[in-house]
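Biologist: I have a new model open and would like some help reading it. Could we go through it together, feature by feature?

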Amino acid sequence: MKLTGKSSILILITGLLLLSSKCKKEKEEVEFKIRDRKEQYAKEKDSILNFIKTHTYVLDAYYNVHIEPVTDPGQRTIYDDAILVQMQDTAVEDLTYDIYYLKIAEGQSDSITTADGVLLAYEIQDFELNMIKRKTELFPQWTNVWTPHIGMGALGLRKVLPDFNVGTYTANPDGTVLFSGYGIGVVFLPSGLANYQYAVAASDQNFTRLPAYSPVIVKFKTLAVNQDFDKDNVPNIIEDLNGNLDPTDDNTDKELEDKYKIPNIPNYMDADDDGDSLPTKQEDTNGNGDPTDDDDDGDGIPNYLDPDTH
Ligand SMILES: [Ca+2]
Ligand SMILES: [Ca+2]
Ligand SMILES: [Ca+2]
Ligand SMILES: [Ca+2]
């Protein structure tokens, strides 16, 4: 049969429509069948433990960590050196994960809190040691510790990063930066604290695609920390007023912001925390650079949180 231009276009369109309805159907099925989080962790838990008991690590001259299978039965394993912490699942209340991590170097400068931003160099690998993502010291990436996102979700980092300090850096004449004395760690995350049902595409031929429901290994270097996002001289962690380690749910002037229909800005991002139009930084009567110790009307509320005191 000889196809005219019109009929072949028609066949092509029909084919595309069929294909798209098939894709849609498959997508719906995938979304519908998100795996049970407890069952998934039960599957991963033993394999993570088995991996760290059968692998070891070495640090090279560039402070990069290499993970290798144990070859000699007497060899020290990752498990022997790992620190164990626990973290609750965000969706299922009675699901608690074990997180194993290595603290190879603690870091020699400022400490990291859950409310801070941290500049990371990192490598993400699957448990076959394929490379999924990489950011070197030349192109590091900022992430917020309470919602760590490093080219994919890695919520478990929230639990681990505050156990490290950052390093220091010097600027080279050519514009590059030399980092030193940073923290070096490796964390072994179950998929429930990483990307869970989402696959991660391979960005180029140097990287491997990460399928859904994959535990991951994150090697990281803690290069620098941002302890005061809004530059108001109140550290991020102090702006977490309710002390729940999450700075995003503390907003002293919410009522005012709502009244004037301006976006809600939590204190850690708000340079005028009480909305009295005098910036927090300037509500520092004794001029010691710390707005938290000035309370002019003696009501127990520091001026920067007290709209009736400047
Ligand atoms: Ca601040
Ligand atoms: Ca605010
Ligand atoms: Ca503030
Ligand atoms: Ca005030």
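Modeller: Happy to; we will go from the overall make-up to the core and then to a hairpin. Keep in mind that this is a predicted model.

Biologist: How many helices and strands does the protein have?

Modeller: There are five helices and 11 strands. Buried residues account for 32% of the 310 residues. For the contacts, take those between residues at least 6 apart in sequence: 59% of them join residues at least 24 apart.

Biologist: Which residues touch the most other members of the largest nonpolar core?

Modeller: The general idea comes first: in soluble globular proteins, nonpolar side chains tend to be buried together. Here the largest nonpolar core has 48 residues, and those touching the most other members are Ile99, Tyr101, Val118, Val187, Phe188, Leu189 and Val218. Two or more core residues come from each of helix 2 (37-53), strand 4 (96-105), strand 5 (117-125), helix 4 (157-160), strand 10 (183-189) and strand 11 (216-226). Strand 11 is the biggest contributor, with seven residues.

Biologist: Let me zoom in on one of them. Which residues is Phe188 in contact with, leaving aside its neighbours within four places in sequence?

Modeller: Phe188 then contacts Ile48, Ile52, Tyr100, Tyr101 and Ile217.

Biologist: Now the hairpin. In which sense do strand 1 and strand 2 pair, parallel or antiparallel?

Modeller: Antiparallel: strand 1 (residues 55-59) and strand 2 (residues 65-69) pair over five bridges. To find the register, look at His55, which stands opposite Pro69 in strand 2.

Biologist: And which residue takes a positive phi in this hairpin?

Modeller: That is Tyr63, with a phi near 60°; the hairpin has five residues between the strands.

Technical notes: Residues numbered from 1 in each chain as written. Chains lettered and ligands numbered in written order. Predicted model: local features only at pLDDT ≥ 70, side-chain atom pairs only at ≥ 80, totals over all residues. Core = buried A, V, L, I, M, F, W, Y, C linked by C-beta atoms within 7 Å. Buried ≥ 20, exposed ≤ 12 C-beta atoms within 10 Å, placed from the backbone. Helix = DSSP H or I, 4+ residues; strand = E, 2+ residues; numbered from the N terminus. Contact = placed C-beta atoms within 7 Å. Pairing = 2+ DSSP bridges.
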